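The exercises below are meant to be worked with the sequence and the model side by side. Try each task before reading its solution.

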Number of protein chains: 2
Amino acid sequence: MQNKRILLAGRPDGWVDDTHFTEDTQPVPTISDGEVLLKTLYLSVDPYMRGRMNDTKSYIPPFQIGQPLSGGVVAQVVESKNPKFEVGDTVMGLLDWAQYSVSTGEGLRKVHGGGYPLSYHLGLLGMPGLTAYVGLVEVGRCKEGDNVFVTAASGAVGSVVGQIARNMGCYVAGSAGSDEKVAHLKDTLGFNDAFNYKTVDSVHKTIAGCFPKGIDVAFENVGGAQFEAAIWNMALFGRIALCGMIADYNISREDMPVGPRGMTNLIGRNVTLQGFIVSNYPDAAPKWDAQCRAWLAEGKMTYQESVADGISAAPSAFVGMLKGQNHGKQIVKVSDE
Amino acid sequence: MQNKRILLAGRPDGWVDDTHFTEDTQPVPTISDGEVLLKTLYLSVDPYMRGRMNDTKSYIPPFQIGQPLSGGVVAQVVESKNPKFEVGDTVMGLLDWAQYSVSTGEGLRKVHGGGYPLSYHLGLLGMPGLTAYVGLVEVGRCKEGDNVFVTAASGAVGSVVGQIARNMGCYVAGSAGSDEKVAHLKDTLGFNDAFNYKTVDSVHKTIAGCFPKGIDVAFENVGGAQFEAAIWNMALFGRIALCGMIADYNISREDMPVGPRGMTNLIGRNVTLQGFIVSNYPDAAPKWDAQCRAWLAEGKMTYQESVADGISAAPSAFVGMLKGQNHGKQIVKVSDE
């Protein structure tokens with residue numbers, strides 16, 4: 001039995017493309033006492049992984065050239081020498097981009113679908129969904145009646161932010177990169193307003209039009225012009241939850257973008273802008289899991305996935321996601337259960 | 001008796017200079033029942049006033065062309081038809097840049113020196129001192145042992161920030177615009193480290209050198225390159241209290257500065273950046289007043305003032321302060337008590 005893996009071939013300075021990845025095939029590893037052999041069912045591609053391709057110190061170590069990339073994976077135990085796991089168990093963990101991997105069990109969490117796709121543990125019921133909850137509710141201190149703005153609003157995180165805000169009784173407007181996505185926000189996800197940031201005449205004026213009283217909570221996934229426009233349109237005592245700046249991730253160091261103008265607006269309006277990493281909020285996970293499952297059961301939460309097929313599709317799925325070609329959460333289906 | 005006043009002659013687009021002010025002389029006003037006539041003793045020139053010279057909506061209305069500027073004033077009651085005030089009372093209020101003014105008493109607060117100069121009510125015991133306390137302690141959530149960075153550290157606000165941090169048992173480093181100011185920070189105010197931002201090779205590297213473990217609390221008065229450098233040098237869970245951005249106040253709209261690069265640093269380090277206006281923290285005033293007087297009595301708080309003489313000197317004192325020519329708090333002495 002062979003084990004196909006995706007390795008980092010080189011570090012991008014600017015946009016990632018196929019040349020930064022390579023594939024190899026190894027024998028499926030054998031396991032020792034205390035270990036389990038895992039078959040990858042689904043792997044997750046997420047924006048933060050772009051940062052791990054750089055050789056810079058961060059909250060999470062960089063990927064190494066010649067080594068497999070890694071990230072959130074849902075896998076099935078196919079062989080076990082660890083009494084805590086049985087063959088057939090489904091687990092979630094941070095594992096390699098490979099068809100098979102070995103684990104001591106450390107960091108693995110048993111997961112079940114509970115009527116929902118197992119892949120939801122990489123999205124709605126996983127890190128992206130929890131990120132939405134933490135950023136909106138804990139960092140953004142969102143409350144009923146707030147005016148909420150979300151960028152990348154149809155994405156893995158943004159689509160959950162918008163639905164939480166809607167369920168909490170907020171006015172919510174979002175931006176996305178295609179008319180199809182904008183329609184999805186309004187028609188399926190219940191956004192009060194939405195716009196295509198690529199085609200509006202002025203992002204600034206469009207946001208101002210959506211928020212005549214200003215933005216109480218801005219959930220920022222994108223950076224660039226939209227981030228700047230949000231800064232100019234915040235309400236008194238507004239909060240900006242700074243989750244991501246995907247617009248800036250693929251710009252080379254030489255072309256490093258200028259930052260948002262108008263930071264003085266934050267002073268006069270007493271605005272709080274807070275960057276956050278979801279793993280710094282460990283207490284939120286059980287709260288989100290319970291709340292999300294309750295909303296799912298009531299039909300008050302939906303989740304869209306783009307599924308790429310096979311491990312060899314992981315690099316192009318990742319690059320496509322960075323370019324906004326996905327609809328909702330981008331995952332890669334590696335094997336059948 | 002004549003009343004000399006300073007009026008706004010025109011709105012600057014970029015640097016303020018003498019041409020934006022004019023002086024007139026009116027008869028000293030007469031008062032009606034319920035009013036008091038006030039003789040200005042000291043008036044305050046503060047960075048925020050530059051914003052009021054623009055015709056833009058903000059937390060405080062703009063100055064009007066042809067009308068007197070106004071701001072914090074310490075004055076003496078010279079005539080009273082208001083039972084709450086007696087001739088000879090000294091008061092603090094937001095009053096015109098004029099030798100005399102009339103008030104109904106609304107917004108006036110009786111002040112006494114208590115062994116300290118009356119002008120301290122425009123600085124250490126007034127808005128700038130309270131701003132330092134609110135920004136460092138309430139917004140910045142400073143605690144013992146924190147590593148604190150202050151810009152414009154020898155100024156009316158920064159010099160108090162540094163001393164509070166020192167008194168709280170923090171490591172504190174600051175920046176200022178002359179070697180003389182830097183010496184004052186180290187020798188008189190007890191800063192652990194300080195540098196001249198105009199002469200160091202790299203603000204970024206200098207700050208990194210001062211803070212090998214990163215900055216826990218940055219108190220930002222300046223903006224520009226120093227703000228950007230602070231963003232790159234924050235510690236995990238750091239806080240930036242955004243008080244002012246004086247470097248940006250005198251740049252014309254066309255030349256509007258780019259914002260700080262590297263905002264993604266705030267994400268990975270879970271940093272909070274909060275703009276604030278001191279008037280939004282009304283409960284802090286009595287706490288600060290008590291704490292400050294206690295430190296003054298113990299010799300643990302000093303305050304430097306630059307005093308310009310006569311109301312006609314107010315415009316040049318204001319412009320000089322914006323250019324950093326002041327040492328400590330810039331005030332204008334208008335009349336003897």
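**Exercise 1.** Determine what share of the 337 residues in chain A is buried.

*Solution.* The model is a predicted one, and a residue is called buried when its relative accessible area is under 20%. By that criterion, buried residues make up 58% of the 337 residues in chain A. The surface that chain A exposes comes to about 13,800 Å², of which carbon and sulfur atoms supply 49%.

**Exercise 2.** Describe the fold of chain A by its helices and strands, and then judge its compactness from the radius of gyration.

*Solution.* Begin with the secondary structure, which in chain A consists of ten helices and 15 strands. Next, take the radius of gyration, 20 Å, and set it beside the 20 Å that the globule rule gives for 337 residues; the two values are close, so chain A is as compact as a globular protein of that length. Finally, consider the contacts in chain A with a separation of 6 or more, 67% of which involve residues 24 or more positions apart.

**Exercise 3.** Decide whether Thr131(B) is buried or exposed, and work out its surroundings.

*Solution.* First locate the residue: Thr131(B) lies in helix H2 of chain B, which covers residues 127-139. Its relative accessibility is 5%, and Thr131(B) therefore counts as buried, the cut-off being under 20%. Then follow the side chain of Thr131(B), which reaches the backbone oxygen of Met127(B) at 2.7 Å. Lastly, setting aside neighbours within four places in sequence, Thr131(B) is in contact with Val157(B), Phe219(B), Cys243(B), Phe276(B) and Val278(B).

Definitions and conventions: Residues are numbered from 1 along each chain as its sequence is written. Chains are lettered from A and ligands numbered from 1 in the order in which they are written. This is a predicted model: local features need pLDDT of at least 70, side-chain atom pairs count only at pLDDT 80 or more; totals for chains, interfaces and linings use all residues. Side-chain values use heavy atoms; hydrogens and water are left out. Helices (H or I, at least four residues) and strands (E, at least two) are DSSP runs, numbered from the N terminus. The radius of gyration is taken over C-alpha atoms; the globule rule is 2.2 Å times the number of residues to the power 0.38. Buried means under 20% relative accessible area, exposed over 50%, partly exposed in between (1.4 Å probe, protein chains only). Contact means heavy atoms within 4.5 Å. Accessible areas come from the Shrake-Rupley method with a 1.4 Å probe; for residues, only the protein chains shown count as cover. A polar contact is a pair of N or O atoms within 3.5 Å; within protein, one must be able to donate a hydrogen and the other to accept it, and residues adjacent in sequence count only if both atoms are side-chain atoms.
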